[in-house]
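This report covers long-range contacts, salt bridges, the nonpolar core, cavities and selected helices of one protein chain. The sequence and model come first.

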Amino acid sequence: MPQRSSQPDRIPGRAADRPDRPHRVVVIVDQNSNPFELGCATEVFGLRRPEIGRELYDFALCSAEPRTVMRDGFFTLAGVAGLEATDTADTVIVPNRPDVEVPRRPAVLDAVRRAHARGARLLGFCSGAFTLAEAGVLDGRRATAHWQWADTFRARFPAVRLEPDVLFVDDGDILTAAGSAAALDLGLHVVRRDHGAEIANAVSRRLVFAAHRDGGQRQFVERPVPRIPDASLAPLLAWAQERLDAPLTVADLAARAAVSPATLHRRFRAELGTTPLAWLTGERIALACRLIERGETRLDTVARRSGLGTAAHLRALMHRETGLAPSAYRRRFGPGAGDGAPFHVKQRVSRETPPAARPATSPLGP
């Protein structure tokens, strides 16, 4: 069952209470941290967005030492703030390192604990879940980590409710991503949670990355290489996305692809990790959110243009997938919504037939 975020809508010290500045994101960099995840955080939260017209985040890096040697000594990071930068952060991204058996620095763990105690949001990318668990903030909480380290994590932190088969877990004020590529998925999820689907789509377009891979998606989809490469589902998906307002069915999709419904179901499972109906529903909900953000106030019109049928059906699905009624979603993200202060929506847990869009993925590296 989906769970509502355990974090309140407004937290003291957040941008919601300080409209004079954007939400502040601070990344802790530690010895032997992986530069890829650091790059993901910088790309999502640190770049200027002139195409959006406003700054989404105030971004900074910090470290326990003036010079930090990154993974395998490839380069040294210098000139960043000290750990005291976390004391004014609204969101703290904790360090990840491939040497998961090596304890984190006490100063780093103390900074994480202080941030959590005053209500900051915490993000862990890949092995960052180990940092959060060492700091003691994950006990009794849901989290994920790279599948390669699942057994090690469980053995060391039995009090944490590990979900090793998903891309990321949103547990309210603590969010964790399973692997390197999943750091981008979680980052875009946070942008969508903070600023809405339209802004998240703009950021994903600049990244040339899928706007939404649901957190409940498996970390990798086992798909044997066929002797003759099968045609991609991409043309079918593009065709369907242009016709979301039409009464499309799984049979219609199968007919368009010139395969049986059973074959189409297998291909969706193999390529996207979901079902045709779940993908179609997820695309329609995403379109409904964008229409509301763009100013459409008539729910019957939103329901019709997104292919969801009736206003009642739209209300039910939006509440299930975002935790908000359409009117509340409009207040958060519609025209004139204000400074885009963060809020928190439901995050689906992994289930056999998820209702959201799940684009194709490949095995995630550590």
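Residues 24 or more positions apart account for 68% of the contacts in the protein with a separation of 6 or more, a contact being heavy atoms within 4.5 Å. This is a predicted model, in which local features need pLDDT of at least 70 and side-chain atom pairs count only at pLDDT 80 or more, while totals for chains, interfaces and linings use all residues. Residues are numbered from 1 along each chain as its sequence is written, and side-chain values use heavy atoms, with hydrogens and water left out.

The protein has 13 helices and 10 strands. Both are DSSP runs numbered from the N terminus: helices are H or I with at least four residues, strands E with at least two. Of the 366 residues, 55% are buried. Buried means under 20% relative accessible area, exposed over 50%, and partly exposed in between, with a 1.4 Å probe and protein chains only.

**Salt bridges**

A salt bridge is a side-chain nitrogen of Lys or Arg within 4 Å of a carboxyl oxygen of Asp or Glu. The count by this rule is 20. Three of the pairs are set out below.

| Pair | Closest N to O distance |
|---|---|
| Asp58 and Arg24 | 2.9 Å |
| Glu65 and Arg105 | 3.1 Å |
| Arg298 and Glu296 | 2.8 Å |

Asp58 and Arg24 form a salt bridge. This pair links distant parts of the chain, with Asp58 in strand β2 (residues 57–63) and Arg24 in strand β1 (residues 23–29), 34 residues apart. Asp58 is partly exposed at 27% relative accessibility, whereas Arg24, at 17%, is buried.

The side chains of Glu65 and Arg105 also meet in a salt bridge. Glu65 lies in the loop between β2 and β3 (67–69) and Arg105 in the loop between β5 (91–94) and α2 (106–117), so the pair ties together parts that are 40 residues apart in sequence. Glu65 is partly exposed, with a relative accessible area of 33%, and Arg105 is partly exposed at 25%. Both residues belong to a network of salt bridges that links Asp30, Glu65, Arg97, Asp99 and Arg105.

In the pair of Arg298 and Glu296, Arg298 is exposed, with a relative accessible area of 52%. Glu296 is buried, at 12% relative accessibility.

**The nonpolar core**

A nonpolar core is a set of buried Ala, Val, Leu, Ile, Met, Phe, Trp, Tyr and Cys residues joined through side-chain atoms within 4.5 Å. The largest one has 34 residues, and those with the most contacts inside it are Ile28, Val112, Leu122, Leu132, Leu138, Phe153 and Val160. At least two residues of this core come from each of β1, β2, β5, α2, α3 (128–134) and α4 (150–156). Helix α2 gives the most, with 5 residues.

Leaving aside residues up to four places away in sequence, Leu132 touches Val94, Val112, Leu122, Gly124, Val137, Leu138, Ile174 and Thr176.

**Cavities**

Rolling a probe the size of a water molecule over the atoms shows where empty space is left. Here a cavity is a set of points, on a 1 Å grid over the protein atoms alone, where a 1.4 Å probe fits but cannot get out; lining residues have an atom within 4 Å of a point. The points are joined across faces, edges and corners, and a volume is the space filled by probe spheres set on them.

The structure holds 2 cavities of 30 Å³ or more. The largest encloses about 90 Å³. It is lined by 13 residues, of which Val27, Ile28, Leu38, Val94 and Asn96 are the closest to its centre. Two or more lining residues come from each of β1, α1 (35–46) and β5, and β1 gives the most, with 3 residues. By class, the lining of the largest cavity has 9 nonpolar, 3 polar and 1 charged residues. Ala, Val, Leu, Ile, Met, Phe, Trp, Tyr, Cys and Pro count as nonpolar, Asp, Glu, Lys and Arg as charged, and the others, Gly among them, as polar.

The second largest cavity holds about 30 Å³ of space. Of its 10 lining residues, Asn34, Asn96, Pro98, Ser127 and Trp149 are the closest to the centre.

**Helices α4 and α6**

Asp151 is found in helix α4 and is exposed, at 61% relative accessibility. In helix α6 (residues 197–207), Ala197, Ile199, Ala200, Asn201, Ala202, Val203 and Ser204 are buried. The buried residues of α6 pack against α5 (182–195), α10 (276–293) and α13 (326–333).

Methods:
On a 1 Å grid over the protein atoms alone, a cavity is a set of points where a 1.4 Å probe fits but cannot get out, and a pocket is an open set with protein on both sides within 12 Å along at least five of seven lines; lining residues have an atom within 4 Å of a point.
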